[in-house]
Amino acid sequence: MAEIFIKNVAKTFGTYQALHDINLTIEDQEFMVLLGASGCGKSTLLRIVAGLETQTTGGVWIGGRRIDNLPPRDRGIAMVFQNYAVFPHLTVFENVGFGLRMQKLPNDEVTKRVTRIARLMHIDQLLGRYSGELSGGQRQRVAVSRALAMEPDVILMDEPLSNLDALLRLEMRAELKGVLAESNTTAIYVTHDQVEAMSLADRISVMHQGKIVQVATPIRLYRNPATEFVAGFIGNPPMNFLSAQSAGIGKWLVAGEMLDGPSTSHAELKFAIRPEDVQLADAGLKATAKIVEPLGAHLLVTCEVDGVMFRAVLDSDLTIRPGDQLILAPQADRVRWFDPKSTLAVH
Ligand SMILES: Nc1ncnc2c1ncn2[C@@H]1O[C@H](COP(=O)(O)OP(=O)(O)O)[C@@H](O)[C@H]1O
Ligand SMILES: [Mg+2]
């Protein structure tokens, strides 16, 4: 059992507070992604779990055992970084088997594990080559394979795919997901790429300015963002926001339209809807098309609604030109509302 329990972890560098009171439980065998913009503290948190950085306060437990006072090698953790940490003068076989040799496993066990993981990661044809001769993508496969060959209880990955080109990233993402699903490993994976986060994670922790702002499954994060920040951060193109004025119990005026909404005592709320959750209709928000981008599967139309930019993802068969007046009906069960002061979701 390798549940990871992070309790009240904070970190300051000099006077700069990089992490504020982080509390997070990662279930045994869960794939947890830490997602957030550059500088929000993802790597710092991962490095504290790994033992490469010491927290200012708080503690970390793995499988019920407190590990934050142990040296990195005694934590039962394997790590993969963004830059391919492979030894160029060793063969792929020796690179993948490196940790196993350090553990003094018998030769036939090393061969068995290296061969198995090499097959899963599609580097079995490369086992005899020197790692220095490999492409970036191949080297990163070797680095990931080396970590996985250890069959660690916990694997920590810090943007392991971000140096790869888009196509390779897509391919390796799927392979990594497949291999980890077959293992018993608990994983923490750091990325700033929300698509990668959505595709890999059992759950995502969204980080912002040294804090965790929401922990949820990818689909829950997408459908029920807990704060305005998460709503704007997850999804591409991002969610649309319009201001809403109270017009009686459960009634809200949005861009001159009367819509049903939460029955709260707020005078004002923020109305939010995803670009794909509106459609052309006879009644709804009045929009002026500004930019029309055919994206193949659909049409991305950037409009102006109530003086604010508003994006709609529409059927690619429609003919829409800049300047056209559109009426966009938001799908009622997809609308979200936020308190403009606290920025928290209102139900
Ligand atoms: N060793 C360090 N000394 C001083 N500041 C640091 C150090 N490591 C990280 N920081 C700062 O802490 C913040 C979070 O960094 P980091 O965890 O690397 O962010 P992320 O991985 O999310 O991009 C950044 O502002 C960074 O400059
Ligand atoms: Mg980082």
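**Exercise 1.** Into which domains is the chain divided, and how many residues of each are in contact?

*Solution.* The bounds, which come from an automatic or database domain assignment, divide the chain into domain 1 (4–227) and domain 2 (233–346). The model is predicted, so local features need pLDDT of at least 70 and side-chain atom pairs count only at pLDDT 80 or more, while totals for chains, interfaces and linings use all residues. Residues are numbered from 1 along each chain as its sequence is written, and chains are lettered from A and ligands numbered from 1 in the order in which they are written. Next, the C-alpha centres of domain 1 and domain 2 lie 38 Å apart. Finally, seven residues of domain 1 are in contact with eight residues of domain 2, contact meaning that C-beta atoms, placed from the backbone, lie within 7 Å.

**Exercise 2.** Which strands stand at the edges of the open sheet of four strands?

*Solution.* The strand order is β17-β16-β15-β18, with antiparallel pairing; strands are DSSP runs of E with at least two residues, numbered from the N terminus, and two of them pair if DSSP finds at least two bridges between them. Because β17 (308–315) and β18 (325–330) each have a single partner strand, they stand at the edges, and one side of each is left without a neighbour in the sheet. Elsewhere in the sheet, β15 (residues 278–294) and β16 (residues 298–305) pair in the antiparallel sense over six bridges, and Ala-289 stands opposite Cys-303 in β16.

Note on methods. Contact = placed C-beta atoms within 7 Å.
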